[in-house]
Each structure stands twice: as C-alpha cells, then as structure tokens.
Amino acid sequence: MPSTDPAPGFPSRRLRRLRRTPALRRLVAQTTLTVDDLIAPLFVADGIDAPQPVASMPGVMQHTIASVVDEVRRLAALGVPGVILFPLPKPEDKDATGSAALSTDGITRRAIAAVRDGVGDDVVVMADCCLDEFTDHGHCGIVDPDTGDVDNDATVELYAHLAVVQAEAGADVVAPSGMMDGQVAAIRGALDGAGHPMTAVLAYAAKYASALYGPFRDAADVTIVGGGDRKGYQQDPRNGREALAEVLLDVAEGADMVMVKPALTYLDVVAAVRAAVDVPVAAYHVSGEYAMVKAAAQAGWLDERATVLEQMIAFKRAGADLIITYWARQVARWLREGR
C-alpha cells in the first residue's frame, strides 16, 4: 500500500505550484487592491490663476478651483471614489486664528461647493478640518500668547465651526487632523446641532509627529514660526499603544472612520488599529513617503509602478480599508491596465 506521508519538501513544493503562473497567483492572492480603496488628496489655492507645481512632490499641484474640479472629474472617470480637499488661503489672509478658513466666501466654502457641484454624488468629497494652512504662526490652532502652546479648548471650538462650514458647502466627510483632545465629540455635536447628522467624521486618530510631512508643508505653504514643532499634540513615534488609546477615544466620541498617519512607516499601528475597532480604517500615504519614491524612481533606482503597487498591497495587508495617496490617479490607471 503506498505511503500517505508527504514527500520531503512537499509543503514548499505546494506553495511553488500555486505561484507558477500569473493566473494561479491571482486566484490564490490573499490581499486584493482595487480602485475602490483609493482617496486622492488635492490642494486648492486661493489667488492663483493656473495650477502651480509643487517642487518637492513631482506630479502634485496646487490647483485653482476650476482645475481641481477638472481633476476630480478625471479621478471619477477612472473610478476613484473619494477625494480629500486641502484649501489654501492667500498668504495675506493668514492670521493668528485662521479666520479665513471660516469665511462665508473663503476658499474653504468655494472649493468644496465647486467640487460638489461639479461631480454631484459620483465622488465622496472629504475636507481636511484643521487650521494650520490658515494661521500665520503655522500651528493647528490658537496659540496661547503666555505659554506659546496651542490652546486645546479654544481650538476645538473653531474646529466645530469649521466642520459646519464644510458640511454646509457640501462635504460628505469632515476629517479633523489637529489632534486636539475632544475634537471629534465637539465636531459631531456641532454637525448634529446644525442639521448635518449624516455628515461623517474621519478622525486623524493616530497622527504622529513625523519627519515625513515636509513636502506637504511645502505644498500647503505652512511654516511653524520660530522653528517650533507639533510634538506636544501629535503622537510620539516611539509609542504604539498610545495610538490605540487615541483611536478608541475618537470612536467613543463618534468617529465614523479613523486614520493612521503616516502609513508606510506605521504599518504595525495600522494592523493594531484594524484589530481593535470595527469602523473603517484609513492609511495616509504621506508626502514624504511619496517624495522618496518619486526621487528614487527619477534617478532610475526604483521601478515606480512596481514599488507603489507593492506599498499599496502592504497597506491592505496590514488591514487598511482606505488608502489616501498622492498616487491615486496613477494607481487607478495601473489597475485598469492590469499588472
């Protein structure tokens, strides 16, 4: 009677058999990336007549309102389901409280409304809910003149007001990114009280004080006056368990979705958050992660397409439901073309 014991090397031979052809590899793939996973971050600036390239982020633009609507239409045609808008004021409109963000005729309201009118419900319109682009000191809220620290409670009041402005303009989702204590609860209460109970909240729940935001600050024209930093209110990169505490607080306060930022450098945090909560988890593939690959690809050191798609799969494998990435349009095209 023949032996039923597996031959030596059987397990590895079985794995190799399932890798033999592209069709087999597709059939047994454990992780799948689709265009439905993608969200495109877009900058839209006041006071410019034509799109302006961002030097540190090749391929990324500061858009005009007209060009950002055109870009969202192009994304929609490729099947990208969501965008997140970062409105930028004129430099002369910045002040200590970021008041231009709340203006009834400011770039925040005009940009969101134009995109909503331009694409209807074909694309989910998200809005970054923060003030650093609008303050003349570069911090994410009101700075206490006596201590030099951000005044958490006064800032949260402004975030709540800003969230209502964004919802009134047509945002489906507001995304508070300032990492202030109690921001989600205040925003949820303000939205509900203003008649926007169906506007969702995507909380930047685990946002680290990362060195990888430099190109974003270039794109958004943000500089912290005096060479300061945000380590007092963003998370310490050395701490992982702290992220779960922040995420659970935001979910308890009413967050509909939560985000880990940056993504690639914090895949362990993405995985831990996915295991801890039932709400959708977003991973933000940040500007520095984008710029590094772009620079290496332009130097001929990396295959851009292969590298980016591998990173996208890594986010999905770690448990991300949504990926915010400056490569959204290119990835959508690559997926349409096939690997």
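These notes go through two strands with their neighbours, and then a surface patch and a helix residue, in a predicted model.

1. Strand 5, which spans residues 124-129, is mostly covered, with 5 of its 6 residues buried. On one side of the pairing scheme, strand 4 (residues 82-88) runs parallel to strand 5 and is joined to it by 4 bridges, and within this pair Val83 stands opposite Val125 of strand 5. The chain passes from strand 4 through helix 4 (residues 107-119) to reach strand 5, and this β-α-β crossover is right-handed.

2. Strand 5 also pairs in the parallel sense with strand 6 (residues 173-176), over 4 bridges. Here Ala127 has Val174, in strand 6, as its bridge partner. The connection between these two strands involves helix 5 (residues 152-169), and strand 5, helix 5 and strand 6 together make a right-handed β-α-β unit.

3. How many residues of strand 8 (residues 257-261) are buried? The count is 5 of the 5, so strand 8 is largely enclosed by the rest of the structure. In a regular strand the side chains alternate between the two faces of the sheet. In strand 8 both faces are covered, since Met257, Met259 and Lys261 on one side are buried, as are Val258 and Val260 on the other. A reader looking at the model may wish to note that Lys261 is listed here among the buried residues.

4. Strand 8 has parallel partners in strand 7 (residues 200-207), over 4 bridges, and in strand 9 (residues 281-285), over 3 bridges. In the pairing with strand 7, Ala206 has Val260 of strand 8 as its bridge partner, while in the pairing with strand 9 the bridge partner of Met259 is Ala282. Strand 8, helix 9 (residues 267-276) and strand 9 make a right-handed β-α-β unit.

5. Turning to the surface, Leu18, Leu27 and Val28 make a nonpolar patch of about 280 Å². Of these residues, Leu18 lies in the loop between helix 1 (10-17) and helix 2 (22-28). Leu18 counts as partly exposed because its relative accessibility is 37%, a value that falls between the 20% limit for buried and the 50% limit for exposed.

6. Arg14 has its place in helix 1, and it counts as partly exposed because its relative accessibility is 41%. Arg14 and Tyr159 are separated by 145 residues in sequence, and their C-alpha atoms are 55 Å apart in space.

Key
Residues numbered from 1 in each chain as written. Predicted model: local features only at pLDDT ≥ 70, side-chain atom pairs only at ≥ 80, totals over all residues. Heavy atoms only, no water. Buried < 20%, exposed > 50% of the residue type's maximum accessible area, 1.4 Å probe, protein only. Pairing = 2+ DSSP bridges. Right-handed = clockwise from strand over helix to strand, strands pointing away. Patch = residues over 30% accessible without salt bridge, like charges linked within 9 Å, V, L, I, M, F, W, Y side chains within 5 Å. Areas by Shrake-Rupley, 256 points an atom, 1.4 Å probe, with all protein chains shown as cover. Salt bridge = Lys/Arg side-chain N within 4 Å of Asp/Glu carboxyl O.
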